[in-house]
Amino acid sequence: MRTFAIKNEIKLAHLSGNGIRFEIDGESYIDAASGTFNLPLGYNHTEMVDALTDQIKKASHASSTYTKPIVENGFCKLLDEAPENINKIFMRDLTGSSANEAAIKMAMKSSGKTGVLSLMLSHHGQTALTTSISGNAFRRESFPSLNYQESLKVPAPYCHRCFYGKTYPDCGLLCAERINDFIEYSSSNQVACMIIEPVMGNGGNIVPPKEYFQLIRKICDEHDIILISDEVQTGLGRTGHMFASNHFDMKPNIITLAKGLGGIGIPVAAVLMESRLEVFESYEHSFTSGANLLAISAAQTYLDVLEKENILEHVRENGNLLGEELTELMNQYPFISDVRGLGYMWGLEISDREGHEDPKMTQKIVETSLKNGLILRSSRYGFGNVVKVRPPLITSKAEIYEIIEMLKKSLDEVI
Ligand SMILES: Cc1ncc(COP(=O)(O)O)c(C=O)c1O
C-alpha cells in the first residue's frame with residue numbers, strides 16, 4: 001500500500017515521471033488523470049524532451065513582437081483541421097483561463113455587446129472573469145463582489161440528471177430550446193458570446209446528445225451570438241479527434257486550447273478564431289511569457305508527434321476498449337449509475353441506493369485507488385460525484401487492462 005503523502009520535506013528531486021507513471025519518493029503510480037489532464041504524451045516523451053532541450057540551449061524566450069510570425073506561419077496544419085470558418089491563431093496566453101478571457105474579449109470587442117452565456121456545472125478557469133462565468137457556486141463563494149453582472153448561466157445537457165426532469169430523447173432537448181427564454185427574459189438582450197465545453201470536464205464528464213450543438217448553433221445565429229468552444233480539456237486528441245467540436249458538428253466561431261497543447265505539461269494556450277475576430281491591438285491582451293519559445297516548441301513538437309505516432313487513431317480504437325471495460329463495471333458495482341465518455345475521457349457517475357449523487361463514496365474511490373497506485377480525479381474539485389478516468393493518450397492496451405484491474409481492486413475495497 002502506498003502512502004502518497006505530500007509531506008513537508010518533499011523536494012523537487014523526489015518527484016519524477018516515466019511514460020504514464022508518476023513517482024514520488026520512490027513510490028510509483030499509474031497516472032490515469034494525465035497530471036492535470038495536461039500530459040497527453042505522459043511525463044517524458046523522448047521527442048518532446050529532445051526538442052525542448054535543444055530549444056532551451058538556444059533561447060527560451062523572445063518577445064511576442066518576434067514570435068508573432070512564427071506562430072502565424074507555424075500552425076497552419078492545426079488550422080487546416082479546425083472547422084472551415086476558423087483560420088486564425090492567437091497565441092499570447094499560457095493558461096486555459098486567460099485564453100478563454102481572450103476569446104470572450106474578442107467576442108465583446110467585435111460585437112460591442114457584453115453578455116456571456118455559459119452552462120451550469122461548467123468550468124472555464126479561475127481568473128476573476130472565468131470564475132464568475134463558470135457554473136459552480138463553490139468557486140465564487142469567497143469572491144461575491146467579483147461576480148460579472150452580464151453572466152447568464154443556463155442548464156447543462158446533463159441527461160443523467162436532467163434539470164427539467166425529462167428523459168432523452170422525449171425531452172425535446174429543452175436544455176437547448178429554453179435558452180431562447182433565458183435570453184428573452186433574463187438577459188440584458190446584449191449577449192456577445194456563449195462558451196461551452198463540448199464534453200463538460202470538471203462538471204462530470206457530461207457528454208451532450210449529438211443534436212444539442214445543432215440547436216445551440218441555431219440559437220446563436222438567431223441572436224447574433226459568437227459561439228466559443230472551450231476545448232482546453234477536449235482538444236488535441238483527448239476525445240480521439242483533433243477537435244471535439246468537429247466530432248459534435250458544433251461549428252463554433254472560436255476554439256480555445258491549453259492543457260494538452262504543451263504535450264508533457266509545458267504551459268501554453270491558444271485561441272483559434274475566424275479572421276473577423278482578429279480585433280486586438282497588441283496592448284489589449286498579451287502576457288510576458290505568452291508563446292515564449294519553449295511554449296511554441298512544445299506545441300509544434302506535440303502536434304508533430306500526434307501525427308507521426310498516429311495518436312488520434314490509437315485513442316479512438318483503445319478508447320472504445322476503455323469505455324467497454326468501464327461500462328462493464330456498472331454491472332458489478334451498483335453504486336456506478338452511469339458511465340460516459342469518448343476517446344480517453346471517461347467518467348463514472350457514483351450514486352447512493354436512492355439514486356442521489358454520492359460525493360463521499362466518489363472521494364473514497366479516488367483515495368482508495370491512490371493507495372493502490374492509481375491516480376484518478378473526482379469531478380467538481382472533490383465536490384462532485386463523478387470519478388474521472390483520463391489516462392495519457394500514449395496509454396497502451398496492456399496499460400488500460402492494468403488500470404481496469406487496479407480500479408476493480410479499489411472498487412472491491414470500498415463496497
Ligand atoms: C474546460 C476548461 N477550461 C479552462 C480551464 C482553465 O485552464 P487553466 O487551469 O490552464 O487556466 C480548465 C481547467 O481545468 C478547463 O478544464
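Which polar side-chain atom lies 3.1 Å from an oxygen atom of the ligand? That atom belongs to K259. Keep in mind as you read on that this is a predicted model.

## Around the ligand

K259 has company in placing polar atoms by the ligand. An N or O atom in the side chain of S97 is 2.5 Å from an oxygen atom of the ligand, and a polar backbone atom of G96 is 2.9 Å from an oxygen atom of the ligand. If you are setting up contact lists, note that G96 takes part through its backbone, while S97 and K259 take part through their side chains. The protein covers 82% of the 390 Å² of accessible area that the ligand has on its own.

The residues around the ligand are T95, G96, S97, N100, H123, H124, G125, E197, D230, V232, Q233 and K259. Sorted by class, this shell holds eight polar, three charged and one nonpolar residue. Which helix gives the most to the shell? That is α5, spanning residues 96–111, with three residues. As for the site itself, the ligand sits in the largest pocket.

## A mixed sheet

Now for the strands. Strands of a sheet pair through backbone hydrogen bonds, either parallel or antiparallel. One open sheet here has four strands, in the order β1-β2-β3-β13, with mixed pairing. Its edges are β1 (15–18) and β13 (374–375), each of which pairs on one side only.

Inside that order, β2 (residues 21–24) and β3 (residues 27–31) run antiparallel to each other, paired over four bridges. What stands opposite I24 in β3? The residue there is E27.

## An antiparallel sheet

Another open sheet of four strands follows the order β11-β12-β15-β14, and its pairing is antiparallel. Here the edge strands are β11 (336–342) and β14 (377–378), and each pairs on one side only.

Strand β14 pairs with β15 (residues 386–389) in the antiparallel sense over two bridges. Within this pairing, S378 has V387 of β15 as its bridge partner.

## Two backbone spots worth a look

Most residues other than glycine have a negative phi, and most peptide bonds are trans. Two places in this model depart from those habits, one for each.

The peptide bond joining Y168 and P169 is cis, with omega at about 5°. P169 is found in the loop between β6 (151–154) and α8 (174–177). Where is the residue with a positive phi of about 50° although it is not a glycine? This residue is D249, and D249 is found in the loop between α11 (244–247) and β9 (254–257).

How values were computed:
Residues numbered from 1 in each chain as written. Predicted model: local features only at pLDDT ≥ 70, side-chain atom pairs only at ≥ 80, totals over all residues. Heavy atoms only, no water. Near = heavy atom within 4 Å. Polar contact = N/O pair within 3.5 Å; in protein donor to acceptor, adjacent residues only side chain to side chain. Areas by Shrake-Rupley, 256 points an atom, 1.4 Å probe, with all protein chains shown as cover. 1 Å grid on protein atoms, 1.4 Å probe; cavity = no way out; pocket = protein on both sides within 12 Å on 5 of 7 lines; lining within 4 Å. Sits in = over half its atoms within 2 Å of the grid points. Nonpolar A, V, L, I, M, F, W, Y, C, P; charged D, E, K, R; others polar. Pairing = 2+ DSSP bridges.
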